[in-house]
Amino acid sequence: MQNPTTYTAKDFATDQDVRWCPGCGDYSILKQMQSTMAEAGINKKDIVFVSGIGCSSRFPYYMDTYGIHSIHGRATAMASGLKAARPDLSVWVITGDGDSLSIGGNHLIHLLRRNFDLNVLLFNNEIYGLTKGQYSPTSPKGQVTKSTPMGSLDHPFNPQALALGADATFVARTMDRDPKHMREILAAGNAHKGTSLIEIYQNCNVFNDGAFEVFTDKATKAKSTITIREGEPMIYGADSEFGIRLNGMKAEVVSMNDCSADDLWIHDSSDRMKATILSRMFDNNALEGGLPRPFGILYQEDRFRYEDAMKAQLEHAISVKGDGDLDALIQGSHTWTVD
Amino acid sequence: MQLTGSLFTDTNAHYGNDISTFPNFPAEIRAPQGTVAGVSGFKLHFASVDIFTPGDEVEVLVAMNAAALKANVSQLKKGGTIIANTAGFDKKNLRLAKYESDVSPLLDKTLDQFRVVEIDVTKMTKEALANSGLGTKDIDRCKNMFVLGFLLWMYNRSMETTQSFITEKFSKKPDIKDANLTVLKAGYYFGDTNETFTSRYEVESANLPSGEYRSIMGNQAAALGAIVAANKAGLELFYGSYPITPASDILHELARHKNYGVKTFQAEDEIAAICASIGASFGGSLGMTASSGPGIALKGEAMGLAVMLEIPLLIINVQRGGPSTGLPTKTEQSDLMQAMYGRNGEAPLVIVSASHPSDCFDAMVEAVRITVEHMIPAMFMSDGFIANGSEPWSFPKAADISSITPRWADPEKSLSDETYFPFRRNEKLVREWAIPGMENLQHRVGGLEKENETGNVSYDPDNHELMVKIRQEKVDLIANHIPAQEIAQGDESGSVLVLGWGSTYGAIRTAVRDLIKDGHKVSQAHVRYLNPFPKNLEELMSKFDRVLIPEINNGQLVHLINAKYGTGAVPFNKIQGMPFTSREIKEQIKELI
């Protein structure tokens, strides 16, 4: 047996060929995940990856851990039962925007409120890739796809706001093109005790190429994104020339020529109201002077985990009633004898 | 109160013997004996026609308050029903009835052996008459009508007799007449809205073989069987479930036994319930989920996944009238085809059925044994009639139930020997169960077709055909590991074999017993294992001139039997949400003799 502290990313690779399209954002996520797990030093025998259906859901086949490639939308439910049964395991849910927000939307919100200690990696590419290019619940309104030749009519989900609305205890956003940031967030999610909802912007270069280009392209990235860090003022821009200030409940962009860092919004991930404001920085108009898209941990709180509470109830029942005796159970409280 | 009682009697007399095995109640009404002075109450005694119960045992006790309960509960038969007006169990009433502690008997465990239906009759009556303009006293007088309406619903009786009586009696007091009619209906509809299950299995309590007995309900027996079987397999029981009539009582029962290490999980929907159970099984627990027909339909895709994963999973179907929402409070056996075929692709699983309330215990242990030892999902079939029914049970000792042996993978062997192949099989085609935490046995399973032995994803055409055949053969081979089909009553050959499954057991038993007594060459066989069938079933049937298959459906087992064996079995069907009476079966058998 190999000592988990000596793992490298390669130790997590399997003998299976990775089958994603060349250039897919999933490759980067797989690589960062393997590195993160190597650094985490958890024994491979104690790790389980659970996925639903979709391109991203092939993920477990490529991690040399235990894994279930389940059915569409249900990875979150499957992982809930697994974690309830086995609180000792490190459980990772791999899901996509269609899998978790459309067919599996119900299970996602219930997982978040129950707060099992597990991690959800939501690969958001704003498209259905495996079924070859229909709009997804995160596709922007008006998107032209195979199923919406005249443009999509759906108002899209905002996954961060949805997760906050479901009382998630760890809500974060990262992207496939920023490996370092992704590793940072994955590690933070792993360390968080409770359900970590990690949304990863992932480019589908076949069916929705460039969906996140404004956040990844050198020319636009600096102005349209902000990396938020705990306790740090909200500063962004190629030369840190912009800041964000809170004016009451309203966030506004300011020029650092007119402001000092002390005037700015200092990120506090324990503040639910401010996290809500961050989640609503979603308008895609940063290039026209609007607010940038935040990347990082929007919100984090410590709340009881379902599996801990479940275990406590069992222990309490045993302390009050004693370890279950099968004959007493079968016999019940009232018997009579027939001669 | 006397009026309420006699109205119920009139209604039942009107129905007469038309509905017989179904508890039929030429009722005896009498004033309560030994009640606390000044507190009113009444009790009903129901004796069924087919099955004789001693005249002084009470079947249903309506207790309008604590005193009525206290005075009469000793005469209530074990497994009987108590309809309790919760308003009559407040502190004042408890004191009046001289209950020693402040704890209501409805809350402590003293009524465990009965079925308790709690209704705040006083409040419901007030609400129903909120706009009647009647005074408090007049309103209060109507509350008995609420109970009567509820009883009429429970026992499937029409309100007509009572309605015309009320109309006549209060013809000169229209407001009182209207109030009584309103409350009667309110009680009737309350039974409907709350999905109070109406058909219940009853069995004679006289002439039992000697031994120690307890009273048990079907759902309760299934729950106890699950706990015992999990223990016998050395597995933690994980029960994922979503509330549905008439299966919820299993969840309620299991949730009471957390000190046995039972984990109950009330999921957000039927799909999550089964998926969480699959997740738990993947983690090495005994995953179990339950529902009734509509919920089972929702679980179909996940069942297919469990077939592909080849892990233990127990699915309980407490059947009710279908299709769609159908008749939630009525019984039916119409989900057999759903159990056999209700999944996409070739997805066979094991089916085990229970035939009477206490049999739910044995059938559950059997179903768990198969799902665990054969690494294949199994469905346990029961129905509302036996799930809510109760009977005396000569219970077993835990030590007499044989242990269940999972086929665990061996991490040691895998380290020294070779790579672990998750889908390598033994002679029973059973794979080894490796669970997270086992060193060096990391593997991935999923719903995509997998290569034989390695379990890697495979689209190879020959491999797919091979895997489909293997999964079927694995089910077929289980026939070598279940008991041979026995004749329950009668000779091994003769004129008519009455072949049944599930809750028709009691009615068939009585019918066949009577006909044997009359000298007819009739026998009974009741099938517990529905997939696979016992190996000797075909031969057993061949010894009879005719095979009759009575079912509470439009002909499902008969279809499976005739398709598989070409038996030419004769169907006999009733699809009224009610069980057969033994007389109906008897008459049908006579036609074939």
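Which residue in β10(A) stands opposite R245(A)? I shall open with that point and then move outward to the other chain. Please bear in mind throughout that this is a predicted model.

The residue facing R245(A) is E252(A). The two strands concerned, β9 (residues 242-247) of chain A and β10(A), are paired in the antiparallel sense, and six bridges connect them. They belong to an open sheet of three strands in chain A, ordered β8-β9-β10, with antiparallel pairing. At its edges lie β8 (235-236) and β10 (250-255) of chain A, each of which pairs on one side only.

I turn now to the interface. Here 52 residues of chain A are in contact with 58 residues of chain B. On the chain A side, several elements supply at least two residues each, including β2 (66-69), α4 (105-114) and α10 (306-321). The element that gives the most is α2(A), with eight residues. By residue class, this side of chain A divides into 23 nonpolar, 19 polar and ten charged.

Strand pairing also crosses between the chains: β2(A) runs parallel to strand β14 (residues 444-446) of chain B, and three bridges join them. Within that pairing, G67(A) has R444(B) as its bridge partner in β14(B).

Finally, chain B itself. Its division is into domain 1 (2-193), domain 2 (214-400), domain 3 (411-481) and domain 4 (494-592). Between domain 1 and domain 2 of chain B, four residues of the former are in contact with five of the latter. On the domain 1 side of that contact in chain B, there are no nonpolar residues, two polar and two charged.

Technical notes. Residues are numbered from 1 along each chain as its sequence is written. Chains are lettered from A and ligands numbered from 1 in the order in which they are written. This is a predicted model: local features need pLDDT of at least 70, side-chain atom pairs count only at pLDDT 80 or more; totals for chains, interfaces and linings use all residues. Domain bounds come from an automatic or database domain assignment. Two residues are in contact if their C-beta atoms, placed from the backbone, lie within 7 Å. Ala, Val, Leu, Ile, Met, Phe, Trp, Tyr, Cys and Pro count as nonpolar, Asp, Glu, Lys and Arg as charged, and the others, Gly among them, as polar. Two strands pair if DSSP finds at least two bridges between them. Helices (H or I, at least four residues) and strands (E, at least two) are DSSP runs, numbered from the N terminus.
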